[in-house]
Every structure is written in structure tokens, then in C-alpha cells.
Amino acid sequence: EYAKQDALNIYHFLQHRGFISVDVNEALTPLPALIRDATPLNGVDMIEAIKTGVVVWKNKAGDIVEKDDVIGEIVDIEDPYSPRTPVIAKTSGIIFSLTNGHLVTAGDKIAKVAGEKPLDYRKGNLLTAK
């Protein structure tokens, strides 16, 4: 049943884009309203692990966060009783990606937050940036 609805949605999308012609007797199915407004690519905070360890999330994908919120913590695997390293959002927005592995290495991209305001450090070819 899900596959049938997905196929129908793809078909309607392709009709709206003009890749599939619409029968003159058939009206285009209206597109659903957006859940949120689109955000600029240079407004996406690509959060990197500051150190190697195990990341423990305080939030989940879909949560709305504010700039400077601690969205997780990294536990040092060599000294688990040392203070945890906070994972901090650099923008206000919606979390749309969290790493699915808990073991992270310093420099790994571990989370993404879509913000409405451009971030100074996000420049260049952002569509294919890693």
C-alpha cells in the first residue's frame, strides 16, 4: 500500500514538473502545503565532532533547536569519567540529520541543522559540499 502511494506521488510530481503530460480531461493534483519554509544551503550548520568518542544525543531528527543549544555530548572512550564534550548548534533551526553511528572521530560530520540565516563559514559550492 505504501509503495502504491509513493508511486502515485512520484507520478504527480513528474506531472507538475512537465515530464509527464497531463490529459486535458484530468486536473493536476494539488501539491501539499510545505511543512516548513525552505532554508538556504548556506544556512545549514554542518556540525563536526570536536573529538573522538561516543556521541550521546539529547535531541532527535525533526527537533527544533536554538543557536548555542547543546544537542548532544561526546564521551571520551579513553576516559569515560572525564567531562563530556558538548555538541553545540551554531544556528537556530530544525535538526534534519544525525549520524547513525555512535562512535565518532574528530572532524566527522555528525549532525545538520537547517537554519534560516546564512552562516559565515558556509561558502563555495554548497550543493556538493561534504
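From the N terminus on, the elements run α-β-β-β-β-β-β-β-β. That gives one helix and eight strands. The model is predicted.

**Overall dimensions**

The C-alpha trace spans about 70 × 35 × 25 Å along its principal axes. The radius of gyration is 20 Å, whereas a compact globule of 130 residues would have one near 14 Å. Buried residues make up 28% of the 130 residues. Among contacts with a separation of 6 or more, 60% join residues 24 or more positions apart.

**The helix and the loop after it**

Helix α1 covers residues 2-16. Its 15 residues reach 21 Å from first C-alpha to last, close to the 21 Å expected at 1.5 Å a residue. Just after α1 comes G18, with a positive phi of about 85 degrees.

L28 lies in the loop between α1 and β1. Is L28 buried or exposed? Neither: its relative accessibility is 39%, so L28 counts as partly exposed. Leaving out residues up to four places away in sequence, L28 touches Q15, H16 and V22. Of these, Q15 and H16 fall within the 2-16 range of α1. L28 also gives a sense of distance across the model. From L28 to G107 the C-alpha separation is 46 Å, over 79 residues of sequence.

**Sheet and strand pairing**

Four strands form an open sheet in the order β5-β4-β2-β7. The pairing is antiparallel. Its edge strands are β5 (85-88) and β7 (103-104), each of which pairs on one side only. Strands of a sheet pair through backbone hydrogen bonds, either parallel or antiparallel.

Within this sheet, four bridges join β4 to β5. Here V70 stands opposite I88 in β5.

Another antiparallel pair is β1 with β8, joined by five bridges. E48 has K109 in β8 as its bridge partner. Four of the five residues of β1 are buried, so β1 is largely enclosed by the rest of the structure.

**The nonpolar core**

The largest nonpolar core holds 14 residues. Those with the most contacts inside it are I47, V55, W57, I71, V87 and I110. Three elements give two or more residues to this core: β2 (53-57), β4 (70-75) and β8 (109-115). The largest share comes from β8, with three residues.

What does V55 contact beyond its neighbours within four places in sequence? The partners are E73, I74, V87, T99, G101, H102, V104 and I110. Two of them, V87 and I110, are also among the core residues with the most contacts. Another partner, V104, falls in edge strand β7.

**Salt bridges**

Side chains of opposite charge can pair when their charged atoms come close. The model has six salt bridges. Three of them are listed here.

| Pair | Closest N to O distance |
|---|---|
| D45 and K90 | 3.2 Å |
| K58 and E73 | 3.9 Å |
| K60 and D63 | 3.1 Å |

Take D45 and K90, whose closest N and O atoms are 3.2 Å apart. D45 lies in strand β1 and K90 in the loop between β5 and β6 (93-98), so this pair ties together parts 45 residues apart in sequence. The two ends differ in burial. D45 counts as buried because its relative accessibility is 0%. K90, at 38%, counts as partly exposed.

K58 and E73 meet through their side chains in a salt bridge. K58 sits in the loop between β2 and β3 (64-65) and E73 in strand β4, so the pair ties together parts 15 residues apart in sequence. The link extends further: K58, E73 and R84 form a network of salt bridges. E73 is also one of the contacts of V55.

K60 and D63 form a salt bridge at 3.1 Å. K60 is exposed, because its relative accessible area is 53%. D63 is buried, because its value is 18% and the cut-off is under 20%.

Technical notes
Residues are numbered from 1 along each chain as its sequence is written. This is a predicted model: local features need pLDDT of at least 70, side-chain atom pairs count only at pLDDT 80 or more; totals for chains, interfaces and linings use all residues. Side-chain values use heavy atoms; hydrogens and water are left out. A nonpolar core is a set of buried Ala, Val, Leu, Ile, Met, Phe, Trp, Tyr and Cys residues joined through side-chain atoms within 4.5 Å. Buried means under 20% relative accessible area, exposed over 50%, partly exposed in between (1.4 Å probe, protein chains only). Contact means heavy atoms within 4.5 Å. Two strands pair if DSSP finds at least two bridges between them. The expected span of a helix is 1.5 Å times one less than its number of residues. A salt bridge is a side-chain nitrogen of Lys or Arg within 4 Å of a carboxyl oxygen of Asp or Glu. The radius of gyration is taken over C-alpha atoms; the globule rule is 2.2 Å times the number of residues to the power 0.38.
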